[in-house]
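Please look through the structure below with an eye to its charged side chains, and to the pairs that they form.

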Amino acid sequence: IRKEKETMLTASREGRRAYQNTVAMQIDRERPDMPLKMWSLDGWTAELYYQERTAKGVSYWKRLVVEVVVDVMNDYPIGYAIGEQEDAALIGEALRSAVHHTREVLGGYYAPWQIQSDHYALKAMTPKYQALAKYVTPASVGNAKAKTVVRYFATLESEYLWALTNNGGHNITAKTLANDEWLNAHKYRFPDREGCEAQIAKIIEIERSRKIAQMREAWQAGEAAMKRTLNMEAYLLAFGETGRGNMLTANGIKLVRDGVEYKFDCFDTAMRQHRGERWTLRYDLGDMSQALAVSEDGRLRYMVEAKKRVPMALVDYDEQDWQALAEYRDFNVRLTQERDAHMAEVAAAEEGYVTRERLESPLSGLLLTDRHGQHKQAKRAAQQRRTEYAAFEEVEADEKPAKAREMEDIWDRI
């Protein structure tokens, strides 16, 4: 009877996770055939102890958390970040690392099609995932087997960690645990935090060196339609650090970070029409060649570039300097042409308002008072005079002299 009811017993005795992993039907999946079709990320508590000295003494049992982003094609560690605990900031740092390393490996800013994550900080991270990937697919809660990156952690532990003195073995639920006697005898040889971070970075470096050629070959052979260019505006809006608000001047927008001054400017002439705005810069310290300028109310956004400095002496110019100079001059020419075109439109629009009546009497167009401090009475009198003058022009030619004398008397009395 027990064998016949094994399916139901597993679910009730060992729980839903065990049932899903050992009884429910599993789906076989094939890996992508080129990079950036899918990334998988998760936090890994590296089983590497390090010692930390404080005023209270020495602790030998500290461990670090590594947020790793792998490209599912061949488990290439495309990005990672090291910290004391997994949180939204560490995940964001790992994704920024992935974006920069993608540029190093593939020669440009490209975006993944899909990101697979767990549910940790999902509400805060979903907008950031969506800024990079077209599809965001969190793995089911408790279904660790669905995440490629979790299996990758087991590979790292079996291939690299076992040979290190500060290896803490497997987690507490594993069948084989570390030898605590051996660890106690060698704990004085454990590295400090900096040394432990160097160990992790070295492991990632070795992994990358083994797989980078395959990444580049597959990318070159991949379809052009499957290569998504990263939307830098969306990326900087989601992941960029925020600089202090500043105004746009003829020298661009200035940003000071850690005592270093950066200058940015925009070759879109439309931004020059909003010089009164105060702009906040969103930037990535990993690449300060560009930034995103956002107005205070968030309605206006422009990509800005780091200003290129050109030499004063012509003999110091190289090809890039001449190109930068041509770009500046072309921009100013376009800006001047747009200004002239706008001024011509304004002049044409104003031409219809400049009438004979306005030229004859400033009171008709301006709020000017007479010597008694009155405006409306004088304006009405002027309007009456114009009416009478118009009636006078309609009189027959032989009657005009008498009428003219009458009008002159009226003007003299006023």
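**Salt bridges along the chain**

E52 is partly exposed, with 28% as its relative accessible area, and in this predicted model the residue takes part in a salt bridge with K62, where the closest N and O atoms are 3.6 Å apart. Because K62 lies in strand β3 (residues 57-62) and E52 in strand β2 (residues 50-54), this pair ties together parts that are 10 residues apart in sequence. K62 is likewise placed in the partly exposed class, its relative accessible area being 32%.

A second pair links distant parts of the chain, with E159 in helix α5 (residues 148-159) and R210 in helix α7 (residues 193-221), 51 residues apart. The closest N and O atoms of the salt bridge between E159 and R210 are 3.5 Å apart. E159 has a relative accessible area of 43% and is partly exposed, whereas R210, at 56% relative accessibility, counts as exposed.

Salt bridges can also share partners, and in this way E84, R193 and E197 are joined into one network.

Which class of exposure does each partner have in the salt bridge between K37 and D33? K37 counts as partly exposed, at 25% relative accessibility, while D33 has a relative accessible area of 57% and is therefore exposed, since that class begins over 50%. In this salt bridge the closest N and O atoms of K37 and D33 are 2.7 Å apart.

The pairs described here are among the 17 salt bridges counted in the model.

Technical notes: Residues are numbered from 1 along each chain as its sequence is written. This is a predicted model: local features need pLDDT of at least 70, side-chain atom pairs count only at pLDDT 80 or more; totals for chains, interfaces and linings use all residues. Side-chain values use heavy atoms; hydrogens and water are left out. A salt bridge is a side-chain nitrogen of Lys or Arg within 4 Å of a carboxyl oxygen of Asp or Glu. Buried means under 20% relative accessible area, exposed over 50%, partly exposed in between (1.4 Å probe, protein chains only). Helices (H or I, at least four residues) and strands (E, at least two) are DSSP runs, numbered from the N terminus.
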